[in-house]
Amino acid sequence: QLLSDIELAQVPRLGSGADEFDRVLGGGFVPGSVVLLGGHPGAGKSTLLLQTLCELSTRLSALYVTGEESLQQVAMRAKRLRLPTDKLKMLAETSAEQIVQQAQKHQPQVLVVDSIQVVHLADIQSAPGSVSQVRECAAFLTRFAKQTGTVLILVGHVTKDGSLAGPKVLEHMIDCSIMLEGSHDSRFRTLRGIKNRFGAVNELGVFAMTEQGM
């Protein structure tokens, strides 16, 4: 196909409900895209995504998979932040096969996996969080997202030196990599675009961590 003959359809976007988040994403989530949200433990990744999904679930089907916290812990946070909770589907699971099976059953438009470091595939012998597990689980979930047009958001932890825990190959697989940064002694958090196939990189969103969330 000639480059000049390719039709340039407008990329559809799903607004996150937060202008700062949308700007970093390049205008919102793209169906079938994979977003990696990285950050140090305690930066507020889970809080930001819980807020976003509770908001999205009022108009789209959404599934939040938590592998690190219990469903009760997530529910307590949602109650504390006074979020709309009656539409968001929750799943506590670390098996990649089970996550995809449930996603096929419920067909969410947006799927969050928190975090990719605790997810595992049964066929791989190494422990969750190892290079091979993170790589293969991410590839497995990415394949599902591309085939079904689901927005997939993966949460990734960051090591002390600021790099993403797990293999570098993860960053090649995904469409958009964003980093949530900020120290515990500051109420401000910055959301920075590192890589984006659907928008500009180095976009910056600024959030304030309050009792009502971000």
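A cavity here is a set of grid points where a 1.4 Å probe fits but cannot get out. With that in place, a word on what you are looking at: this is a predicted model, and every value I give is computed from it.

I'll start with the enclosed space. Searching the whole structure for cavities of 30 Å³ or more turns up one. Its volume is about 40 Å³. Which residues line the largest cavity? The lining is made up of Arg13, Leu25, Gly28, Phe29, Val30, Ser33, Val35, Cys176, Asn196 and Phe198. Sorted by class, six residues of that lining are nonpolar, three are polar and one is charged.

Phe29 comes up again when we turn to aromatic pairs. The count comes to one aromatic pair. It is formed by Phe21 and Phe29, with ring centres 5.6 Å apart. The cut-off for edge-to-face is a plane angle over 60 degrees; the planes of these two rings stand at 75 degrees, so the pair is edge-to-face. Both Phe21 and Phe29 are buried.

Next, the open space. The largest pocket holds about 210 Å³. Thirteen is the number of residues in its lining, and those nearest the pocket centre are Gly42, Lys45, Ser46, Glu69 and Arg77. Helix α2 gives the largest share of that lining, with three residues. By class, the pocket lining divides into three nonpolar, five polar and five charged residues.

Arg77 takes us to helix α3, which spans residues 71-80. Which residues of α3 are buried? They are Val74, Arg77 and Ala78. These three cover an arc of only 100 degrees around the axis, so they sit on the same side of α3. The face turned away from that buried side carries the exposed residues Gln72, Met76, Lys79 and Arg80. What do the buried residues of α3 pack against? Their partners are α2, residues 45-56, together with β2 at 62-66 and β3 at 89-92. So Arg77 appears twice in this account: it is among the pocket residues nearest the centre, and it is one of the buried residues of α3.

Last, the backbone. Most residues other than glycine have a negative phi, and most peptide bonds are trans. Here are the exceptions I want to show.

Just after α3, Arg82 has a positive phi of about 55 degrees.

Gln107 is not a glycine either, and its phi is positive, at about 50 degrees. Gln107 belongs to the loop between α4, residues 96-106, and β4. Is Gln107 buried or exposed? Gln107 is exposed, with a relative accessible area of 61%.

Asn202 is another residue other than glycine with a positive phi, in this case near 65 degrees. Its place is the loop between β7, residues 188-196, and β8, residues 204-208. Asn202 also counts as exposed, at 60% relative accessibility.

Where is the cis peptide bond? It joins Asp114 and Ser115, and omega there is about 5 degrees. Ser115 lies in the loop between β4, which covers 110-114, and α5, which covers 131-148.

To close, three places to look at in the viewer: the cavity lined by Phe29 among others, the pocket with Arg77 among the residues nearest its centre, and the cis bond between Asp114 and Ser115.

Methods
Residues are numbered from 1 along each chain as its sequence is written. This is a predicted model: local features need pLDDT of at least 70, side-chain atom pairs count only at pLDDT 80 or more; totals for chains, interfaces and linings use all residues. Side-chain values use heavy atoms; hydrogens and water are left out. On a 1 Å grid over the protein atoms alone, a cavity is a set of points where a 1.4 Å probe fits but cannot get out, and a pocket is an open set with protein on both sides within 12 Å along at least five of seven lines; lining residues have an atom within 4 Å of a point. Grid points are joined across faces, edges and corners, and a volume is the space filled by probe spheres set on the points. Ala, Val, Leu, Ile, Met, Phe, Trp, Tyr, Cys and Pro count as nonpolar, Asp, Glu, Lys and Arg as charged, and the others, Gly among them, as polar. Buried means under 20% relative accessible area, exposed over 50%, partly exposed in between (1.4 Å probe, protein chains only). Helices (H or I, at least four residues) and strands (E, at least two) are DSSP runs, numbered from the N terminus. The arc is that of the directions from the helix axis to the C-beta atoms. Contact means heavy atoms within 4.5 Å. Rings of Phe, Tyr and Trp (its six-membered ring) pair if their centres lie within 6.5 Å; planes under 30 degrees apart count as stacked, over 60 as edge-to-face and the rest as tilted.
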